[in-house]
Amino acid sequence: MSPSSGIAMNTMFTIVASSWTDSDLPLSYAFTYSFDGTDITYTLLPAQFDHKFNSYLPGSSSSVILNLGVIVTDSYGAASEATTSVTINSASATYTDALSKTHNLVKDLNVKDAATNLAILSLASKEIGGSGI
């Protein structure tokens, strides 16, 4: 996970699930997140074979701890899970700011990377809907 802190919907994070081994290949990697202190887990990126990706992360109206998880599954469906945390600082002061960030995210979407695009759009939607503005 790099960097270990950043600004919601502004900092590009690199999330890597490295050093996982299993004799029953291939391995798939599903990435999740939850806000510290809550029981609700969201899908950041559904199961895929790539163990690394870049993403913006959501925040709230103040600084929060975001718990990131990875679920690694082998070809027979056996799964293991790991988590880490990242500090997300708020950047959206107004609804207009949130819309502007969303516009910038949408114009940078990559037509060849549907899974990451879906994750970015989902996060952008939560940023506008959950920003408290």
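The largest pocket of this structure, which is a predicted model, has a volume of about 170 Å³. Rolling a probe the size of a water molecule over the atoms shows where empty space is left. The residues that line this largest pocket are M12, F53, N54, Y56, L105, D108, L109, N110, D113, T116, N117 and I120, and by character they divide into six nonpolar, four polar and two charged. When the lining is read by secondary structure, β5 and α2, the latter spanning 114-129, each supply at least two residues, and α2 gives the most, with three residues.

These elements belong to a protein chain that has two helices and seven strands. Followed from the N terminus, the elements run β-β-β-β-β-β-β-α-α. Of the contacts in the protein chain with a separation of 6 or more, 59% are made by residues 24 or more positions apart. Buried residues make up 35% of the 133 residues in the protein chain, while the accessible surface of the chain comes to about 7,400 Å², with 52% of that surface belonging to carbon and sulfur atoms.

Strand β5, already met in the pocket lining, covers residues 52-55 and includes S55. Is S55 buried or exposed? Its relative accessible area is 1%, which lies under the 20% limit, so S55 counts as buried. Once its neighbours within four places in sequence are left aside, S55 is in contact with T11, M12, F13, I15, L44 and L123. Among these partners, M12 is also one of the residues that line the largest pocket.

A second residue that can be followed through its contacts is T32, which is placed in strand β3. With a relative accessibility of 15%, T32 counts as buried, because the limit for that class is under 20%. Not counting residues up to four places away in sequence, T32 touches T41, Y42, T43, L44, N67, L68, G69 and I71. The residue L44 appears in this list and also in the list of contacts given for S55, whereas Y42, another of the residues touched by T32, leads on to the aromatic side chains.

A pair of aromatic rings is described by the distance of the centres and the angle of the planes. The structure holds three aromatic pairs. In one of them, the rings of Y33 and F35 have their centres 6.1 Å apart and their planes at 85 degrees, and because an angle over 60 degrees counts as edge-to-face, the pair is given that description. Y33 also pairs with Y42, with 5.1 Å from centre to centre and 25 degrees between the planes, and this pair is stacked. Through such ring pairs, Y33, F35 and Y42 are linked into a cluster. How do Y33 and Y42 stand with respect to the surface, buried or partly exposed? Y33 is buried, with a relative accessible area of 1%, whereas Y42, at 28% relative accessibility, counts as partly exposed.

The backbone calls for separate attention. Most residues other than glycine have a negative phi, and most peptide bonds are trans. Two peptide bonds that precede a proline are cis in this model, namely the bond from S2 to P3, with omega near -10 degrees, and the bond that joins L25 and P26, where omega is about 5 degrees. P3 lies in the segment before β1, a strand of residues 5-7, while P26 has its place in the loop between β2, residues 13-16, and β3, residues 28-35.

Positive phi values are found at M9 and S19, neither of which is a glycine: phi is about 55 degrees at M9 and about 70 degrees at S19. M9 is placed in the loop between β1 and β2, whereas S19 lies in the loop between β2 and β3, the loop that also holds P26. Which of the two classes, buried or exposed, applies to M9 and to S19? M9 is buried, with a relative accessible area of 4%, but S19 is exposed, with a relative accessible area of 74%.

Key
Residues numbered from 1 in each chain as written. Predicted model: local features only at pLDDT ≥ 70, side-chain atom pairs only at ≥ 80, totals over all residues. Heavy atoms only, no water. Phe/Tyr/Trp six-rings, centres within 6.5 Å; stacked < 30°, edge-to-face > 60°. Buried < 20%, exposed > 50% of the residue type's maximum accessible area, 1.4 Å probe, protein only. Helix = DSSP H or I, 4+ residues; strand = E, 2+ residues; numbered from the N terminus. Contact = heavy atoms within 4.5 Å. Areas by Shrake-Rupley, 256 points an atom, 1.4 Å probe, with all protein chains shown as cover. 1 Å grid on protein atoms, 1.4 Å probe; cavity = no way out; pocket = protein on both sides within 12 Å on 5 of 7 lines; lining within 4 Å. Points joined across faces, edges and corners; volume = space filled by probe spheres on them. Nonpolar A, V, L, I, M, F, W, Y, C, P; charged D, E, K, R; others polar.
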